[in-house]
Amino acid sequence: MSTTAIGLTCIAVMLIMIALRAPIALSMAAMGFIGFGTIVAFDPAISILATGPFETLSNYSFSPIPMFILMGVFASKAGMSQELFTGARTLFGSWRGGMGLAAVTSCGIFSAISGSSMATAASMSRVALPEMEKNGYAPTLATGTLAAGGTLGIMIPPSIALLLYALITEQSVGDMFIAGVIPGILGLVLYGLTVAVLVTLYPNMAQPGEATTFKQKLVGLKGLVPFTGVFLFIIGGIYSGWFTPTEAAAVGAAATWIIAQVRGMRFEQFLEAIQETLVMSAMIFFMIIGAEIFGYFLSVSRISFTLVEWVDALQLSPYMVLFCILILFVLLGCVMDSIAMLLLTVPVVYPLVEAAGFDPIWFGIIAVITVELGLITPPVGMNVFVIKSVAPHISIGAMYKGVLPFVISDVVRLGLIILFPALAVGLL
C-alpha cells in the first residue's frame, strides 16, 4: 500500500471514530500514532508518544491559552455579564429592538475579555434572555441574537482560535490579534444592523424599551468602561510593543481579577474560576497534543503535498480553491468543535493556501469567520445548544430559525473581507 493510501485510510478511520463520538483528541493521537508507525516504524512512533506531549506542554508559545481562559472565567464568575448588559441596555433606551442591540453590544465587549464563543453565549444568555422574554421579544429573535452574538468571542481578540491558528501556521500572534479587530467590530455592527432590520420589518418581534435620560446613559456607559479598557490596554500594548501576547494574557488576567475583586468576587468563586480554567485548559491541551501527533503523521504521509499536486493538476483558480476550503470548513464546523476543527484541518489545507498565493493572516481571519458560521448552523451549532441548555422551554427549531438572518450577516461579512482584504490586514 502506498504512503498516500495509508494516509487516506488513517484519516477515514479517524473521521469514523469522531462520528462515533470518540474524543477528537484521542482520535487524532491514535490514528497519528498508527499511521506514523505504519509508514516509518513503531519504535520512532513510540518515541513521539514519549516526548511529544512533554514538548507540547512545555512550549512557551502555548502559555497564553490558560491566561486568556482565566481572564474570561474571572469575568463570568464576577457577574460582569450582568453589568455589561445593564449598561448597554441604558444606552439604547426606548429604541424598538434596543434590548437586542444591547445584547449584541454586551456580547461583543464580553467577547473581548472572554475569548470563548460558548462562554460568551452561556454567560450573556443567562442574563439577557430572561429580560428579553419578559419584555415581549419573540423567542426566535432573542435566542438568535444571543447565539450569533456569542460567536464574536472567536474573532474579537484575545481569541484562542486566532492564537492557535497563528501557532499552527507559525504566524505572529500579535499580528493575528490586530488583524481580528476590524472583522470583529464589523461583525458586531452587522449583527446590530440585522436586529434593526428585523424589528423594522417585523415590529411584533420586539417591544420598545424604557426611555432613559442622558444621565442614565452616562451611568450605563460608565459600567462599560472597565471592560473596554482591558481590551484596549491588551490590544494597544501588543500593537505598540509594550508587551508580548503572552505578557498581554497575564496582564489581562490580572486586570480582570482586580475588577472582579472590586466588584466583590468571593474566595469560593476565585477557586471555582481556577478549577474551571484548569479543566478547560486541559481539554484544549489534550487536543493540541493529539493534533501534534497527527501532524507528525501528516508530514511523513505527504498527503498535503499530494493534495497540492492534485489541485494543481485540476488547474483551479486560487479563489475556487479558497471556495472549496471554506465549504469544507462550513461542513465540518456544523458537527465539530471550532478549536478541534482548526487543529485538524489547518495543517492539511494550509499548503494549498500557500500554493494559491494568499496572505496567511488574511486567510486565518477568513477561516475563523467560517468556523463562526459552524457555531450557529445545523445540525449541531454549538452555540445554539448552549442557549438551549439555558432555555429548555424554547424549541431548537425556533432557535435555528432565529439565527438564520445572522448567518446571512456572516456570509456578507465573509464576502466583504474576501473582496476587500484590507479589512483584515489594513492595520498591520
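In which helix is threonine 86 found? I began my notes on this predicted model with that residue, and I found threonine 86 in helix α5, which covers residues 80-92. I then looked up its accessibility, and at 39% relative accessibility threonine 86 counts as partly exposed, because that class lies between the limits of under 20% for buried and over 50% for exposed. I also noted a partner from elsewhere in the chain: the C-alpha atoms of threonine 86 and alanine 128 are separated by 8.9 Å, although the two residues are 42 residues apart along the chain.

**Entry on the largest pocket**

I turned next to the open spaces, and for the largest pocket I wrote down a volume of about 1,200 Å³. Its lining is made up of 41 residues, and those that lie nearest its centre are Met118, Met283, Met287, Asp337 and Met382. Looking up which elements give two or more residues to this lining, I listed α1 (3-19), α2 (24-39), α4 (64-77), α7 (117-134), α9 (160-169), α14 (267-301) and α17 (338-356). When I sorted the lining residues of the largest pocket by character, they divided into 27 nonpolar, 9 polar and 5 charged.

**Entry on the second largest pocket**

For the second largest pocket I recorded a volume of about 760 Å³. I found 26 residues in its lining, with Leu167, Ile168, Thr169, Gly295 and Pro347 nearest its centre. The elements that give two or more residues here are α3 (42-57), α9, α14, α15 (303-314) and α17. Which element gives the most to the lining of the second largest pocket? I noted that it is α14, with 7 residues. By character, the lining of the second largest pocket divides into 14 nonpolar, 8 polar and 4 charged residues.

**Entry on threonine 143**

I then went to helix α8 (residues 139-150), where threonine 143 has its place. Is threonine 143 buried or exposed? I put it down as buried, because its relative accessibility is 1%. Its side chain reaches the backbone oxygen of threonine 140 at 3.5 Å. Leaving aside the neighbours within four places in sequence, I found threonine 143 in contact with Leu129, Ile387, Ile394, Ala398 and Met399.

**Entry on the cysteines**

How many disulfides does the structure hold? I counted 0 disulfides, and I then looked up two of the cysteines for their accessibility. Cysteine 10 counts as buried because its relative accessibility is 6%, and cysteine 107 is also buried, with a relative accessible area of 0%.

**Entry on alanine 355**

Back in helix α17, I looked up alanine 355, which counts as exposed because its relative accessibility is 56%. I also noted that the C-alpha atoms of alanine 355 and glutamate 309 are separated by 9.7 Å, with their positions 46 residues apart along the chain.

**Entry on glutamate 170**

My last look-up was glutamate 170, which I found in the loop between α9 and α10 (173-179). Its phi is near 60°, and I marked this as a positive value in a residue other than glycine. I entered glutamate 170 as exposed, because its relative accessible area is 73%.

Conventions: Residues numbered from 1 in each chain as written. Predicted model: local features only at pLDDT ≥ 70, side-chain atom pairs only at ≥ 80, totals over all residues. Heavy atoms only, no water. 1 Å grid on protein atoms, 1.4 Å probe; cavity = no way out; pocket = protein on both sides within 12 Å on 5 of 7 lines; lining within 4 Å. Points joined across faces, edges and corners; volume = space filled by probe spheres on them. Helix = DSSP H or I, 4+ residues; strand = E, 2+ residues; numbered from the N terminus. Nonpolar A, V, L, I, M, F, W, Y, C, P; charged D, E, K, R; others polar. Buried < 20%, exposed > 50% of the residue type's maximum accessible area, 1.4 Å probe, protein only. Polar contact = N/O pair within 3.5 Å; in protein donor to acceptor, adjacent residues only side chain to side chain. Contact = heavy atoms within 4.5 Å. Disulfide = S-S within 2.5 Å.
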